[in-house]
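New to this one? Here is a quick briefing to read alongside the sequence and the 3D view.

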Amino acid sequence: MERSPSSPAFWRSPLRGPWFTSLLGVVLLAGITALFVTGLLSYAAYNPDLSPVNDKTPDKGVLGFYLFPWPTDPPWLYRLTQGVHVTLGIALVPVLLAKLWSVLPRLFQLPPARSVAHALERISLLLLVGGVLFEFVTGVLNIQLDYVFPGSFYPLHFYGAWVFFAGFAVHVVLRAPTALRNLRRIRAGEEEGTPPAVPAEQPSLVSPHPAEPTVSRRGAVWLVGGGSLLLLATTAGRSFDGLPRRTALLAPHGGAEPGSGPNGFQINKTAAARGISAAETSEEAWRLVVTGPSGTVRLSRAELADLPLHSAALPIACVEGWSTSDQWWRGVRLRDLAALVGHEPETAPDVLVESLQRHGAFRRAALRANQVRDPRSLLALDVNGERLSPDHGYPARIIVPAAPGVLNTKWVARMTFGDL
């Protein structure tokens, strides 16, 4: 019995084989493709080509080829796409770990390359394994609000996703036909009652001297599937209304509601954490500065409350995957504020929104004209029949349908309407 990891005899688990590996591969093919697509949609939702303040990956070049103006309908669009992205990503962790375990012997195969096709497969495998571990680790740390990695999450995750998906695409092209053949061959053998032969192209997955099995391959599949379902059940409640939020035991902003009353729903950053003092948000001190072609106006909160007020039921959804149910917001329409400084409401332009907070990647954010013109887009003063609490953005905050949470700026100080 050889003791080198490059020897097939080193790996003795009887679970490894083409059926187990192929089944996990097909699941990941569908799941990771959905993760990649919803991740691209998440990036597009920031409208990064609108203004530099929205673009956290300014060197993306051709990687931004697909960007499009993010819509405001349906109003729960970002809640859905980002909820799927994060919840599915967490649920796939057991499948990913099982898949990596199942193909571990291949990482030690010698010689490193037997042909050009085999060399491409090995390179794609390195990109795949390194990329997927990087993406899942940084993603899980981000949604746990634990920013321990160096640099900004946005470019790290964005560029890492493209590197990973390049390796993933090459690997799929090279291996998907084999995986599908394996599943069909093994299924046919089961129906005929004959044990399937090990495919010639996958001998390294099967140990020549397997140990005694402690669980069947189907049992292992149930174990992996059960782990995924458990993670799904303990995460999804923070993103979707079908499950009570208290079931999201493993997710920040899961569990019990943070307090009671009209302002008793989830927040990401408190006023204290962002250095917002009561003195600068008081009725006497705070003024909203609105600028446009006809000049600048300064409005107190009382003066804003004297303008025509409108209500909209909208959720808040954040990049970490958590979201709230619809909350009833009441305030001044953004397009009406644009009209105060010389724009027609129906043709209101883009707007740059600036917060009282002095630090943070999104203390300034730009909104596209279609977002400004939407009648549900508000400078909110109240929520659920009560004035905003400091942590929810008092004295005024932005709320826009289908926009990521960081674009719904809190503690608004200035709004500049015009081409950005």
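Rings of Phe, Tyr and Trp (for Trp, the six-membered ring) count as a pair if their centres lie within 6.5 Å. With that in hand, look for F36, F65, Y66, W162, F164, F165 and F168, which ring pairs link into a cluster. Keep in mind that this is a predicted model.

**Aromatic pairs**

- The structure holds 17 aromatic pairs.
- One of them joins F10 and W11, whose ring centres are 4.9 Å apart with 80° between the planes, making the pair edge-to-face.
- F10 has 36% relative accessibility, so it counts as partly exposed.
- W11 is buried, with a relative accessible area of 13%; the cut-off for buried is under 20%.
- F36 and W162 also meet edge-to-face, at 5.2 Å centre to centre and 90° between the planes.
- What does the pair of F36 and W162 tie together? F36 belongs to helix 1 (residues 18-45) and W162 to helix 5 (residues 153-192), so the pair ties together parts that are 126 residues apart in sequence.
- Is F36 buried or exposed? F36 is buried, because its relative accessible area is 12%.
- F36 and W162 both turn up again in the ring cluster, alongside F65, Y66, F164, F165 and F168.

**Charges over rings**

- R16 places its charged end over the ring of W101, 4.0 Å from the ring's centre.
- R387 has its charged end over the ring of Y394, and here the distance to the centre is 4.4 Å.

**A nonpolar patch on the surface**

- V116, L120 and V170 make a nonpolar surface patch of about 270 Å².
- L120, one of the patch residues, lies in helix 4, which covers residues 116-143.
- L120 counts as partly exposed because its relative accessibility is 45%.

**What the UniProt record lists**

- The unreviewed UniProt entry lists residues 20-46, 84-104, 125-145 and 157-177 under "transmembrane region".
- In the model, residues 20-46 are 96% helix and 0% strand, and the C-alpha atoms at the two ends of this span lie 39 Å apart.
- Residues 157-177 come out as 100% helix and 0% strand, with 29 Å between the end C-alpha atoms.

Key: Residues are numbered from 1 along each chain as its sequence is written. This is a predicted model: local features need pLDDT of at least 70, side-chain atom pairs count only at pLDDT 80 or more; totals for chains, interfaces and linings use all residues. Side-chain values use heavy atoms; hydrogens and water are left out. Patches are made of residues with over 30% relative accessible area and no salt bridge: like charges are joined within 9 Å, nonpolar side chains (Val, Leu, Ile, Met, Phe, Trp, Tyr) within 5 Å. Accessible areas come from the Shrake-Rupley method with a 1.4 Å probe; for residues, only the protein chains shown count as cover. A salt bridge is a side-chain nitrogen of Lys or Arg within 4 Å of a carboxyl oxygen of Asp or Glu. Helices (H or I, at least four residues) and strands (E, at least two) are DSSP runs, numbered from the N terminus. Buried means under 20% relative accessible area, exposed over 50%, partly exposed in between (1.4 Å probe, protein chains only). Rings of Phe, Tyr and Trp (its six-membered ring) pair if their centres lie within 6.5 Å; planes under 30 degrees apart count as stacked, over 60 as edge-to-face and the rest as tilted. A charge sits over a ring if NZ of Lys or CZ of Arg is within 6 Å of the ring centre and within 35 degrees of the ring normal. UniProt positions are given in the numbering used here, feature names are shortened, and annotations may be inferred rather than shown by experiment.
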